[in-house]
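Here are some notes on this one, mainly about a helix, a strand pair and a cavity. Have the model open as you read.

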Amino acid sequence: MKILVAYDGTLHARNALAYGIQKAKEVSGEVILLQVFDAGLFIDYDGGPRAEEMARAEAARHLEDARTLISETAAGVPVRVVSEDGNAEEELLGLAESEHADLVLAPPRYKSLMQKSRCPVYLIPGTILMPVDNTDGALAGMDRLIREAAATGSRVLLLGVVPVHLYSRWEKKELDKVLKDTAGRLKKLKKALREQGLDAIDVLRPGYPDEEILKAADEYAVSLIMLPSGGTTPSELSKAASIILDEPQRMKRPVVLLPVTETT
């Protein structure tokens with residue numbers, strides 16, 4: 001796995017770099033750090049003749065801080081540092097393309113990359129979406145979700161999805177129970193996340209799960225989606241995961257597959 005980190009010296013960028021190094025360790029991957037200095041910002045700049053010189057010196061300090069973090073935490077992980085002049089977005093997209101990056105990690109200022117990059121872009125911090133249904137299946141992924149949100153400083157969007165298309169007009173009682181049970185799971189999971197000190201919100205929507213997941217991802221600028229996968233009895237959410245993963249052109253975000261808890 002090749003991970004490209006957009007580095008601008010901010011705290012968010014340092015967190016993205018630390019996360020990228022840890023992720024590379026887990027998957028025996030490599031990291032490319034890219035710092036871009038945009039000299040074009042200083043054209044007609046009224047900060048004095050030394051403004052660009054001072055900015056370059058600050059950028060050099062930021063890069064040195066990154067090298068220190070790498071030396072302290074990246075043992076065993078190949079890390080390449082690249083420094084360029086130019087437009088940050090253009091340089092990031094170009095390097096991601098030429099290096100065939102599998103994932104781009106970036107601070108929130110690079111939000112526009114999510115629609116332009118051919119590989120998934122994970123904003124750190126961002127919003128992590130996890131769909132929930134009327135079963136306890138989501139519980140199996142809670143530990144992973146908590147670790148991911150804590151490591152990236154992200155908030156969590158719990159999306160309750162009710163597949164109303166499965167119920168006829170004569171099955172209102174059954175549908176009402178599914179709605180009630182799904183809302184109850186959302187409340188329980190949100191409470192558990194907040195007890196861990198995490199920012200969590202919940203949304204309940206009727207519809208086709210795959211469509212509602214993608215709609216919510218766009219509406220809430222989601223940077224990572226955690227989806228159920230596996231299990232001996234396919235659920236509507238695991239079916240949605242298969243549909244979404246089979247249509248990568250619709251998915252511009254990284255996806256984490258979670259184990260499914262079987263219920264009886």
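1. Two strands pair if DSSP finds at least two bridges between them; strands (E, at least two residues) and helices (H or I, at least four) are DSSP runs numbered from the N terminus. Here β6 and β7 run parallel, joined by six bridges. Leucine 129 sits opposite leucine 157 in β7.

2. A word on provenance: this is a predicted model, with local features needing pLDDT of at least 70, side-chain atom pairs counting only at pLDDT 80 or more, and totals for chains, interfaces and linings using all residues. Residues are numbered from 1 along each chain as its sequence is written, and side-chain values use heavy atoms, leaving out hydrogens and water.

3. β7 is mostly covered, with seven of its eight residues buried (under 20% relative accessible area, 1.4 Å probe, protein chains only).

4. Now for α6: its 24 residues reach 35 Å from first C-alpha to last, close to the 34 Å expected (1.5 Å times one less than the number of residues). Among its buried residues are Leu175, Val178, Leu186 and Leu193. Their cover includes β6 (127-132), α5 (142-152), β7 (155-162) and β8 (200-206). After the helix comes glycine 197, with a positive phi near 80 degrees.

5. What lines the largest cavity? Val132, Thr135, Asp136, Ala138, Leu139, Arg185, Lys188 and Leu189 do, lining residues having an atom within 4 Å of a point on a 1 Å grid where a 1.4 Å probe fits but cannot get out. Helix α6 (residues 172-195) gives the most, three residues.

Definitions and conventions. 1 Å grid on protein atoms, 1.4 Å probe; cavity = no way out; pocket = protein on both sides within 12 Å on 5 of 7 lines; lining within 4 Å. Buried < 20%, exposed > 50% of the residue type's maximum accessible area, 1.4 Å probe, protein only. Contact = heavy atoms within 4.5 Å.
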